[in-house]
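Thanks for asking me to look this over. Below is the model itself, and after it come my comments.

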Amino acid sequence: MKKNVIALAVAAAMVPAFATAADSKVSGFADVLYTNNSDANISVFTANAEVDYAAKLSDIVSVRVDTDLALAKNGGTNYAGVTGGPADSAVIEQAYFAANVAEGVTLIGGVFNNPIGMQAQDVIDRHAITASTMTYDVLDGQTALYGNNIAGVAVAGDLGPVTVTGAVLNDIGLAALDKHSVALVVNATPVAGLDVELGYVTQEASAGNVTDLNATYKNAGLTLGLEYMTAENILDTGIAVMANYMFTPAVGATVQYSSTDGDTAVYGNDADTRTSVAGVWNVADNLSTYLEYTTDDKGDSTSSTDMVNLRFVAKF
């Protein structure tokens, strides 16, 4: 579930990975989605795409730019209301540099994916779940930039058993242009296959300060994830549980459950829940197919939403 583009907490490990590749690289994916939501009278095919550019500029500096592309109607009118993609034809998802400034110390600056939380932003980094968890929705709702992205500078240090990252950011909700958020992320791998992350980010308004503790365990074809979150102004408890098992390298299944609860107008008095069951078929190394059933239940009402999603993700 971890973000493998540039999770700040493991940036020190990511930068050397560029050195093993060519001096520059273009990659990305096409994301083709069919959604059937009878409650909203939706049965539609859509598509979004992403193109990523990465380059190692010197022995110590790398740079990356991720660009999200949107679907448009005749005449160029954006189709984001249906696709869920960016509201402009193309937007920056990430644009950052990473520099090994000292032994085990990496400096990162620019716009990058939010390092806090269990679930990745890009569909290619998820475990066959096409609908995001409710805990991810909380984080995404607090970051004013397109997607769950933030802007600022960070330093990641490899301290042996743990990696510690500190960041000074624009206020993640851009409550005011003279305000800043401070983030701290600690990653540890206490035993083989187990990755534990504790993240904390301050915020001037909206949700207030957010604390997130998550763990991911991998063993052979099994991946398990668990997340606990609080946000001082809107959320008492947010939890997410995920289990993915690949029966073969080509065929697998994922089950995910998440819940948010808080005594506020945003989340009400009773917990909202989301449950997803998905199957995955890796047709080839660069093409995956996901079929998922998702149900959302609003705790303070009798309303619920049931969706069936079919997704094709083709990578290059």
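Here are my points, going from the whole chain to single residues.

1. First, a reminder to keep in mind while reading: this is a predicted model. The secondary structure of the protein consists of 16 strands and 3 helices, so the comments below dwell on strands and the loops that link them.

2. On the overall picture, the protein has 316 residues, and 46% of them are buried. If you take the contacts between residues at least 6 apart in sequence, 49% of these join residues at least 24 apart. The exposed surface comes to about 14,300 Å², with 60% of that area supplied by carbon and sulfur atoms.

3. I would then turn to strand β6, which covers residues 149-158. Of its 10 residues, 7 are buried, which means that the rest of the structure largely encloses this strand. The cut-off behind that statement is a relative accessible area under 20%.

4. Strand β6 has a partner in strand β5, residues 105-113. The two run antiparallel and are joined by 9 bridges. If you would like one pair to find on screen, try asparagine 113, whose bridge partner in β6 is asparagine 149.

5. Strand β7, residues 162-170, also pairs with β6. The sense is antiparallel here too, and the pairing extends over 7 bridges. A pair to look up in this case is alanine 156 with its bridge partner in β7, threonine 165.

6. The connection from β6 to β7 deserves a look of its own. These strands form a hairpin, with 3 residues between them. In the turn sits glycine 160, with a positive phi of about 85°.

7. Which residue other than glycine has a positive phi near 50°? That is leucine 174, which lies in the loop between β7 and β8 (180-188). Its relative accessible area is 36%, so leucine 174 counts as partly exposed; the range for that class runs from 20% to 50%.

8. Alanine 220 is another residue to check, as its phi is positive, near 55°, without the residue being a glycine. Is alanine 220 buried or exposed? Its relative accessible area is 81%, so alanine 220 is exposed, the cut-off being over 50%. Alanine 220 belongs to the loop between β10 (210-219) and β11 (222-231).

9. To sum up, I would start with β6, where 7 of 10 residues are buried, and follow its pairing to β5 and to β7. After that, the positive phi values of leucine 174 and alanine 220 can be viewed in their loops.

How values were computed: Residues are numbered from 1 along each chain as its sequence is written. This is a predicted model: local features need pLDDT of at least 70, side-chain atom pairs count only at pLDDT 80 or more; totals for chains, interfaces and linings use all residues. Side-chain values use heavy atoms; hydrogens and water are left out. Helices (H or I, at least four residues) and strands (E, at least two) are DSSP runs, numbered from the N terminus. Buried means under 20% relative accessible area, exposed over 50%, partly exposed in between (1.4 Å probe, protein chains only). Contact means heavy atoms within 4.5 Å. Accessible areas come from the Shrake-Rupley method with a 1.4 Å probe; for residues, only the protein chains shown count as cover. Two strands pair if DSSP finds at least two bridges between them.
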